[in-house]
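Trainee: I would like a close look at one residue and the part of the chain around it. Please keep to what can be checked in the model.

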Amino acid sequence: MTTPLCVSASPIRKNPFLTIPFQSFEIENTYLLQPEKDKRDRICTQLCYKDSSVEIQDIPLITPPLKVHHYDIRKSLLFLEIDTQHPFYQKFHRFQEFLIQTYYNYQHILIPHLIDDNIQLSDNSRQLKVFLSNQSSPNQIKTFTLAKIRSFFQLPLKDNLFTIYIHPNTVVQTNKMEQLQVYQLISGTYIRCILRLYNIITIKSFNNYLRIQHSVPSIWFVGAPKILKRSQAASEKCAIIV
């Protein structure tokens, strides 16, 4: 597998209309830019996707139908059930393993600030032209073990649950006229969504960890049991059949 670090002086296109069905998603087309600080002084590593026809700034995946386990309104987390034998589970699991292995192989480039607090990231890091191959590991002595790198990651996919951050008031598209929001989803509802993976952020705290940043530009039903929606005005329950 080829990869995974690539920094180009030319800008990468950001196309809000382009999406990738999970069946067409090829992990070897994923690239990481060198880390830099964002406006909140956090260390971010941009994800991008590149094949023979397109190069885009993020990875906008279309998920298959996924079953709602529950929604945690306090943490804005939607928990979705997925069978471990499902092709989406297997592909996303390999994607996570790819990221862990890449961070292990290139930890001296991707997380030098965790290795040495005195290291400062260059403000013009994106001006460099760098390409490294994942076919062989770098010769640098590893500070962190593979197990330690794995422990740093907050992974969306764990066991048979797939977890995404999404605001409780996000509107869920249906084939009806009713307005339904994410916090009203109940267990057993089947949804699909566009999952935009855009960077990996380093959180330096008591326990350092790496989070795969994502957003959900669109979410919609593909089938569900009765969904109960409570009217805020009259506190009345009504049924929405999807």
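Is Thr 163 buried or exposed, and what is its relative accessible area?

Mentor: Thr 163 is buried, with a relative accessible area of 16%. Buried means under 20% relative accessible area, exposed means over 50%, and partly exposed lies in between, with a 1.4 Å probe and protein chains only. Before going on, note that this is a predicted model, in which local features need pLDDT of at least 70, side-chain atom pairs count only at pLDDT 80 or more, and totals for chains, interfaces and linings use all residues. Residues are numbered from 1 along each chain as its sequence is written, and side-chain values use heavy atoms, with hydrogens and water left out.

Thr 163 sits in strand 13. Helices (H or I, at least four residues) and strands (E, at least two) are DSSP runs, numbered from the N terminus. Leaving aside neighbours within four places in sequence, Thr 163 is in contact with Leu 77, Leu 78, Phe 79, Pro 156 and His 214. Contact here means heavy atoms within 4.5 Å. Take Phe 79 from that list: 84 residues separate Phe 79 from Thr 163 in sequence, yet their C-alpha atoms are 4.7 Å apart in space. The chain as a whole has many contacts of this kind: among contacts with a separation of 6 or more, 71% join residues 24 or more positions apart.

Strand 13 (161-165) also belongs to the surroundings of the largest pocket, supplying at least two residues of its lining. Rolling a probe the size of a water molecule over the atoms shows where empty space is left. On a 1 Å grid over the protein atoms alone, a pocket is an open set of points where a 1.4 Å probe fits, with protein on both sides within 12 Å along at least five of seven lines; lining residues have an atom within 4 Å of a point. Grid points are joined across faces, edges and corners, and a volume is the space filled by probe spheres set on the points. By that reckoning the largest pocket holds about 470 Å³. Its lining has 20 residues, of which Gln 154, Leu 155, Pro 156, Leu 157 and Lys 158 are the closest to the centre. Pro 156, then, is one of the contacts of Thr 163 as well as one of these closest residues.

By type, the lining has 10 nonpolar, 5 polar and 5 charged residues. Ala, Val, Leu, Ile, Met, Phe, Trp, Tyr, Cys and Pro count as nonpolar, Asp, Glu, Lys and Arg as charged, and the others, Gly among them, as polar. Helix 1 gives the largest share of the lining, 4 residues.

Between strand 12 and strand 13 there is a loop that holds Asp 159. Asp 159 is exposed, with a relative accessible area of 57%. Its phi is near 55 degrees, a positive value in a residue other than glycine. Most residues other than glycine have a negative phi. Ser 76, in the loop between strand 8 (66-72) and strand 9, also has a positive phi, of about 55 degrees, although it is not a glycine.

Helix 1 has 19 residues, which should span 27 Å at 1.5 Å a residue; its end C-alpha atoms are 27 Å apart, so the two agree. The expected span is 1.5 Å times one less than the number of residues. Several of its residues are buried, including Phe 88, Tyr 89 and Phe 92. Phe 88 has 2% relative accessibility and therefore counts as buried. Apart from neighbours within four places in sequence, Phe 88 contacts Phe 22, Thr 63, Pro 64, Leu 66, Ile 82 and Phe 162. One of these, Pro 64, is 24 residues from Phe 88 in sequence and 7.2 Å away, C-alpha to C-alpha.

Finally, the setting. The protein chain has 4 helices and 19 strands, and 45% of its 242 residues count as buried.
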